[in-house]
Amino acid sequence: GTLMQTAGYSCNALLAACVVGLAMQPGWVAWLGEVRWLRAFGRYSYAIYLFHAALIHGLYGACFGPAAWLPFGDWIVRTGSYLPAVFVFFVLASTLSLGAAFASWHLFEKHLLALKRFFP
(Lines give C-alpha, C1' and ligand atoms only; values in the text may rest on other atoms or scores of the structure.)
Protein backbone atom coordinates (compact mmCIF):
# COMPACT_ATOMS: atom_id res chain seq x y z
CA GLY A 1 0.00 0.00 0.00
CA THR A 2 0.88 3.66 -0.16
CA LEU A 3 1.75 3.92 3.54
CA MET A 4 4.25 1.08 3.31
CA GLN A 5 5.83 2.55 0.19
CA THR A 6 6.19 6.02 1.73
CA ALA A 7 7.00 5.40 5.39
CA GLY A 8 7.44 1.65 5.77
CA TYR A 9 10.53 1.24 3.64
CA SER A 10 12.15 4.24 5.31
CA CYS A 11 11.43 2.75 8.75
CA ASN A 12 12.91 -0.59 7.66
CA ALA A 13 16.06 1.17 6.41
CA LEU A 14 16.34 3.13 9.66
CA LEU A 15 15.96 -0.06 11.71
CA ALA A 16 18.67 -1.79 9.66
CA ALA A 17 21.00 1.19 10.14
CA CYS A 18 20.39 1.06 13.91
CA VAL A 19 21.23 -2.65 14.02
CA VAL A 20 24.47 -2.02 12.08
CA GLY A 21 25.30 0.84 14.45
CA LEU A 22 24.66 -1.36 17.49
CA ALA A 23 26.80 -4.12 16.02
CA MET A 24 29.73 -1.70 15.83
CA GLN A 25 29.48 -0.88 19.55
CA PRO A 26 30.61 -3.26 22.30
CA GLY A 27 27.59 -5.07 23.68
CA TRP A 28 25.25 -7.98 23.11
CA VAL A 29 24.62 -7.25 19.42
CA ALA A 30 28.35 -7.23 18.70
CA TRP A 31 28.70 -10.39 20.80
CA LEU A 32 26.13 -12.14 18.56
CA GLY A 33 28.47 -11.52 15.62
CA GLU A 34 31.15 -13.55 17.35
CA VAL A 35 29.06 -16.61 18.23
CA ARG A 36 30.68 -19.44 16.29
CA TRP A 37 27.56 -21.33 15.16
CA LEU A 38 25.88 -18.09 14.05
CA ARG A 39 28.95 -17.18 11.98
CA ALA A 40 28.53 -20.51 10.16
CA PHE A 41 25.17 -19.29 8.90
CA GLY A 42 26.97 -16.24 7.52
CA ARG A 43 29.43 -18.46 5.65
CA TYR A 44 26.70 -20.66 4.19
CA SER A 45 23.93 -18.06 3.87
CA TYR A 46 24.25 -17.37 0.14
CA ALA A 47 24.18 -21.07 -0.72
CA ILE A 48 21.20 -21.54 1.61
CA TYR A 49 19.51 -18.70 -0.27
CA LEU A 50 20.25 -20.38 -3.61
CA PHE A 51 19.12 -23.88 -2.62
CA HIS A 52 16.18 -23.31 -0.29
CA ALA A 53 13.50 -22.48 -2.87
CA ALA A 54 14.23 -25.52 -5.05
CA LEU A 55 14.41 -27.81 -2.03
CA ILE A 56 11.16 -26.49 -0.58
CA HIS A 57 9.41 -26.87 -3.92
CA GLY A 58 10.59 -30.45 -4.35
CA LEU A 59 10.00 -31.36 -0.73
CA TYR A 60 6.50 -29.90 -0.72
CA GLY A 61 5.37 -32.39 -3.35
CA ALA A 62 6.93 -35.24 -1.40
CA CYS A 63 5.14 -34.19 1.78
CA PHE A 64 1.79 -32.70 0.80
CA GLY A 65 1.28 -33.40 -2.92
CA PRO A 66 -0.97 -36.05 -4.46
CA ALA A 67 1.95 -38.47 -4.79
CA ALA A 68 3.34 -37.76 -1.30
CA TRP A 69 5.67 -40.46 -0.02
CA LEU A 70 6.11 -38.98 3.47
CA PRO A 71 3.29 -39.56 6.00
CA PHE A 72 2.36 -35.90 6.49
CA GLY A 73 -1.25 -36.46 5.46
CA ASP A 74 -1.61 -39.18 8.10
CA TRP A 75 -0.26 -36.83 10.78
CA ILE A 76 -2.76 -34.15 9.77
CA VAL A 77 -5.65 -36.61 9.92
CA ARG A 78 -4.54 -38.05 13.29
CA THR A 79 -3.84 -34.73 15.01
CA GLY A 80 -6.50 -32.65 13.28
CA SER A 81 -3.94 -29.89 12.75
CA TYR A 82 -1.45 -28.85 10.10
CA LEU A 83 0.93 -27.48 12.75
CA PRO A 84 2.94 -30.68 13.48
CA ALA A 85 3.32 -31.40 9.77
CA VAL A 86 4.37 -27.83 8.98
CA PHE A 87 6.88 -27.86 11.86
CA VAL A 88 8.47 -31.11 10.66
CA PHE A 89 8.44 -29.80 7.08
CA PHE A 90 10.23 -26.62 8.23
CA VAL A 91 12.87 -28.57 10.15
CA LEU A 92 13.41 -30.97 7.25
CA ALA A 93 13.64 -28.19 4.64
CA SER A 94 16.01 -26.16 6.84
CA THR A 95 18.25 -29.15 7.49
CA LEU A 96 18.40 -30.06 3.80
CA SER A 97 19.14 -26.46 2.80
CA LEU A 98 21.94 -26.19 5.35
CA GLY A 99 23.32 -29.58 4.29
CA ALA A 100 23.33 -28.59 0.61
CA ALA A 101 25.00 -25.27 1.48
CA PHE A 102 27.61 -27.07 3.61
CA ALA A 103 28.37 -29.48 0.76
CA SER A 104 28.54 -26.63 -1.77
CA TRP A 105 30.96 -24.69 0.43
CA HIS A 106 33.33 -27.59 0.97
CA LEU A 107 33.14 -29.00 -2.56
CA PHE A 108 33.27 -25.77 -4.58
CA GLU A 109 33.30 -22.40 -2.90
CA LYS A 110 36.29 -22.67 -0.60
CA HIS A 111 38.41 -24.07 -3.44
CA LEU A 112 37.37 -21.26 -5.76
CA LEU A 113 38.01 -18.67 -3.04
CA ALA A 114 41.52 -20.06 -2.61
CA LEU A 115 42.24 -18.92 -6.18
CA LYS A 116 41.89 -15.27 -5.12
CA ARG A 117 45.58 -15.18 -4.29
CA PHE A 118 46.38 -15.39 -8.01
CA PHE A 119 44.39 -12.23 -8.81
CA PRO A 120 45.60 -8.92 -7.38
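# A surface patch and some aromatic rings

W28, W31, L32, W37, L38 and F41 come together as a nonpolar patch on the surface, and their accessible area adds up to about 720 Å². This is a predicted model, in which local features need pLDDT of at least 70 and side-chain atom pairs count only at pLDDT 80 or more, while totals for chains, interfaces and linings use all residues. Residues are numbered from 1 along each chain as its sequence is written, and side-chain values use heavy atoms, with hydrogens and water left out.

**The nonpolar patch**

- Patch members have over 30% relative accessible area and no salt bridge, and nonpolar side chains (Val, Leu, Ile, Met, Phe, Trp, Tyr) are joined within 5 Å.
- A salt bridge is a side-chain nitrogen of Lys or Arg within 4 Å of a carboxyl oxygen of Asp or Glu.
- Accessible areas come from the Shrake-Rupley method with a 1.4 Å probe, and for residues only the protein chains shown count as cover.
- Helices α2 (28–32) and α3 (36–64) each give the patch at least two residues; a helix here is a DSSP run (H or I, at least four residues), numbered from the N terminus.
- F41 is part of helix α3, and its relative accessible area of 39% makes F41 partly exposed (buried means under 20%, exposed over 50%, partly exposed in between).

**Helix α5 and its bend**

- Helix α5 covers residues 83–113 and bends by about 50 degrees at W105; the bend is the angle between axes fitted to the seven residues ending there and the seven starting there.
- The buried residues of α5 are A85, F89, A93, S97, A101, S104 and W105.

**Aromatic pairs**

- You can find 5 aromatic pairs in the structure: rings of Phe, Tyr and Trp (its six-membered ring) pair if their centres lie within 6.5 Å, and planes under 30 degrees apart count as stacked, over 60 as edge-to-face and the rest as tilted.
- One of them is Y44 with F102, whose ring centres are 5.7 Å apart with planes at 70 degrees, so this pair is edge-to-face.
- This pair links distant parts of the chain, since Y44 sits in helix α3 and F102 in helix α5, 58 residues apart.
- Y44 is buried at 8% relative accessibility, whereas F102 is partly exposed at 43%.
- Y46 and Y49 have ring centres 6.0 Å apart and planes at 35 degrees, so they form a tilted pair.
- Both Y46 and Y49 lie in helix α3, 3 residues apart, or about one turn of the helix.
- Y44, F102 and W105 form one aromatic cluster.

Technical notes. Patch = residues over 30% accessible without salt bridge, like charges linked within 9 Å, V, L, I, M, F, W, Y side chains within 5 Å. Buried < 20%, exposed > 50% of the residue type's maximum accessible area, 1.4 Å probe, protein only.
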